[in-house]
Amino acid sequence: QKNRFDYQSVRFISMNDKHLGAMKVSLTPLDSAATFTIESGVDSSVTNKGVLTEGRKKHFFITEIAKAGNNIYASVRTFQHSVLIGIGYNLSVSKGNKKFNITTPVFKIKLKKGETVIFTKTFSIYTSRRISPRYLKRTVIDAVRRNKRKGFERLLEASSDTWNKRWAMTDITIKGDEDIERVLRFNIYHMLICAPEREGTVSIGARTLSGEGYRGHIFWDTEIFILPFFVYTFPRIAKNLLLYRYNRLDAARKNAKTRGYKGALFPWESADSGMDVTPTWAKDFDGSIIEISTMEEEQHISADIAYAVCQYYDVTQDIDFFIYYGTEILFETAKFWVSRMEFNRKTKLYEIRGVIGPDEFHESVNNNAYTNMMAEWNLFRAYSAYTMLKAKKGAFLKKLLRKIKLKESEIRKWRRIAQHIKFPYSSKRKLIEAFDGYFKLKNVPIRALDKNFMPLFPPHITPRNVGETQLVKQADVVMLLYLLTGKFSLNEKKRNYSYYEKRTLHKSSLSICTHSIIASETGHKEKAFLYFFNSLMTDLNNTHGNTAEGIHAASLGGTWQAVINGFAGMRIKKETLHFDPNLPRRWQEICFKMHWRKHILRITVFQNKIQIFYGDKRTKDVIFVKAFGVLEQLKPNISNEFYKGDEKK
Ligand code: BGC
């Protein structure tokens with residue numbers, strides 16, 4: 001005897017209103033009458049992963065469970081920060097022409113053969129972080145009632161409308177590779193759902209909201225890997241991410257002070273308070289528990305955040321943000337670097353000793369090229385922000401300097417200091433030296449690859465002794481070639497990429513996306529595609545074996561950059577947009593949109609041609625673009641075309 005049922009369900013968290021979720025389930029017994037037991041309530045048994053030895057952790061206790069008319073309300077309070085969370089729902093049932101609400105946690109329902117029941121549940125959730133505890137319950141219940149009145153279809157429609165707007169700006173179409181186009185949407189989707197809509201209260205953790213890896217902590221992954229996606233597609237969200245840092249400048253100042261430095265040192269891992277929450281113990285690749293010193297030593301994050309501030313400003317020209325928020329971050333980070341440096345009397349150079357660069361295989365190194373050069377860049381940009389403020393906003397500058405206790409005489413030294421920061425470089429090899437003494441380390445060739453053609457640890461090399469070798473964990477010098485693109489010639493990029501790529505084990509998801517970009521730029525077409533593809537598939541293939549802990553946020557954004565900055569070859573150099581495309585061979589064209597200054601550019605990149613469209617009949621603004629090496633002034637409201645070499649027919 002058959003016992004079949006028809007079960008259909010639609011459920012969503014609204015993109016239009018993040019406080020709202022809804023589901024609709026329909027159920028029909030197909031072969032005979034049946035009785036169903038339905039459980040519906042608020043599951044308060046949720047626990048979260050604690051640090052290493054803590055096991056599962058309960059973060060809250062129940063403060064109230066109540067009926068409010070036809071709705072249910074529950075609230076819980078978190079142990080640590082005493083945040084009150086209120087959740088309310090309405091569950092309505094429709095069976096034939098009968099409609100009723102259910103407020104008990106369990107109930108039974110009898111259905112005849114072929115009879116359909118439809119459950120519609122909408123829930124609303126708010127916390128005392130936004131709503132005063134006194135009004136929390138009322139806010140939640142009002143929202144539940146409002147949403148119930150609107151009805152499931154209208155709520156879904158509102159969410160879809162917002163999605164459509166998001167996709168209209170972010171979708172990338174690829175002619176010639178529809179499979180990749182689809183997976184790319186998976187990546188973009190995951191960035192869009194973790195985007196903070198509210199100003200400056202939260203940021204994006206290294207595993208987004210999809211898992212508990214790193215316990216939600218925020219790293220440089222956000223500013224260097226994800227933020228560019230938002231800068232070019234939804235600058236408003238990029239600004240929220242930067243405000244999250246701005247609002248935690250006090251904690252960063254405290255962090256610098258407790259370590260004996262001036263200015264602001266942003267924490268390597270950040271959460272709500274902005275203090276450093278990096279654990280001191282962690283699990284290594286082989287599962288063993290090791291002591292880690294990233295909290296003390298991985299300080300490039302301060303320059304990375306300053307870099308993100310400038311990238312946002314360079315693209316959007318949001319001058320108000322730059323003046324009233326950005327400059328303070330730039331000044332405080334510059335001040336930090338100056339206090340962090342040591343002057344070497346012999347060489348007459350400033351040094352930064354005892355750090356970890358992006359390559360975490362080597363700890364306590366001196367003069368990590370990435371850190372030093374980003375610090376140098378930080379000082380130059382802070383200095384130029386100072387001259388800009390001095391010329392345009394003298395009164396504000398004075399106020400700011402008073403607030404952060406910074407003297408103009410100090411600032412005037414920044415440029416000279418920046419010019420004398422040690423840049424580890426071997427003129428014999430014509431290579432950047434990752435850090436002092438790097439070239440003296442054992443050179444161990446990588447021979448074995450895994451099934452995705454990604455390197456494996458060579459025999460006898462373990463996480464314990466890898467620091468004695470030239471093997472690096474992830475893009476470090478290669479990262480520098482990318483971020484400070486104008487600083488290096490193409491030949492320098494080629495030489496350094498070739499050297500370091502051979503020694504990189506890519507044991508971080510931040511690595512292959514960056515390698516893909518520089519591989520594109522330096523003409524390694526096949527490698528560029530291989531790295532891009534693996535980066536794209538990071539979580540769908542679970543290549544790091546830890547996707548259960550959440551989506552790798554940096555790789556989402558890094559993959560996007562591998563397309564836009566890698567294949568489409570987009571860079572900003574001296575305030576001008578550049579394109580030097582290197583499309584994979586089978587791609588005929590890619591099409592995407594991006595913000596640039598006050599406009600949205602629609603860009604189509606072909607193998608040997610680029611089309612750029614912006615503005616309308618009334619547009620007056622002039623945009624300069626350099627593509628395939630030719631600088632041109634774009635015209636609004638027409639398709640501006642650039643050709644590679646003499647391709648134009
Ligand atoms: C990487 C860091 C990264 C962190 C979080 C580490 O394994 O080395 O660069 O910020 O993971 O994704």
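These are my notebook entries on charged side chains in this predicted model.

**Entry 1: the overall count**

I began with the salt bridges and counted 38 of them. I then picked three pairs to look up one by one, followed by a network and a surface patch.

**Entry 2: D272 and R248**

I found D272 in a salt bridge with R248, with 3.6 Å between the closest N and O atoms. Where do the two partners sit? D272 is in the loop between α6 (249–258) and β13 (281–283), while R248 is in the loop between α5 (235–246) and α6, so this pair ties together parts that are 24 residues apart in sequence. I also looked up how covered each partner is. R248 is buried, at 9% relative accessible area, because the cut-off for buried is under 20%. D272 is partly exposed, with a relative accessible area of 37%.

**Entry 3: E408 and K390**

Next I went to E408 and K390, whose side chains meet in a salt bridge at 3.0 Å, N to O. Here the partners are in helices: E408 belongs to α12 (residues 408–419) and K390 to α10 (residues 369–392), so the pair ties together parts 18 residues apart in sequence. For accessibility, I noted E408 as partly exposed at 21%. K390 is partly exposed too, at 46%.

**Entry 4: K422 and D436**

My third pair was K422 with D436, a salt bridge whose closest N and O atoms are 3.0 Å apart. It links distant parts of the chain, 14 residues apart: K422 is in the loop between α12 and β17 (425–426), and D436 is in the loop between β18 (431–432) and α13 (477–483). Are these two buried or partly exposed? I have K422 down as partly exposed, with a relative accessible area of 22%, and D436 as partly exposed at 26% relative accessibility.

**Entry 5: a network**

Moving on from single pairs, I looked for salt bridges that join up. Which residues are linked in a network? I listed D250, R253, E328, E332, K335 and K403, connected by salt bridges. As a reminder to myself, side chains of opposite charge can pair when their charged atoms come close.

**Entry 6: a positive patch**

Last, I turned to the surface, where R145, R146, R149, K150 and R154 gather in a patch of positive charge. Which helix gives the most to this patch? I found that helix α1 (residues 133–150) does, with four residues. I checked R145 in particular: this residue lies in helix α1 and is partly exposed, with a relative accessible area of 38%.

Notes
Residues are numbered from 1 along each chain as its sequence is written. This is a predicted model: local features need pLDDT of at least 70, side-chain atom pairs count only at pLDDT 80 or more; totals for chains, interfaces and linings use all residues. Side-chain values use heavy atoms; hydrogens and water are left out. A salt bridge is a side-chain nitrogen of Lys or Arg within 4 Å of a carboxyl oxygen of Asp or Glu. Helices (H or I, at least four residues) and strands (E, at least two) are DSSP runs, numbered from the N terminus. Buried means under 20% relative accessible area, exposed over 50%, partly exposed in between (1.4 Å probe, protein chains only). Patches are made of residues with over 30% relative accessible area and no salt bridge: like charges are joined within 9 Å, nonpolar side chains (Val, Leu, Ile, Met, Phe, Trp, Tyr) within 5 Å. Accessible areas come from the Shrake-Rupley method with a 1.4 Å probe; for residues, only the protein chains shown count as cover. Lys and Arg count as positive and Asp and Glu as negative; His and the chain ends are not counted. The place of a charge is taken as NZ of Lys, CZ of Arg, CG of Asp or CD of Glu.
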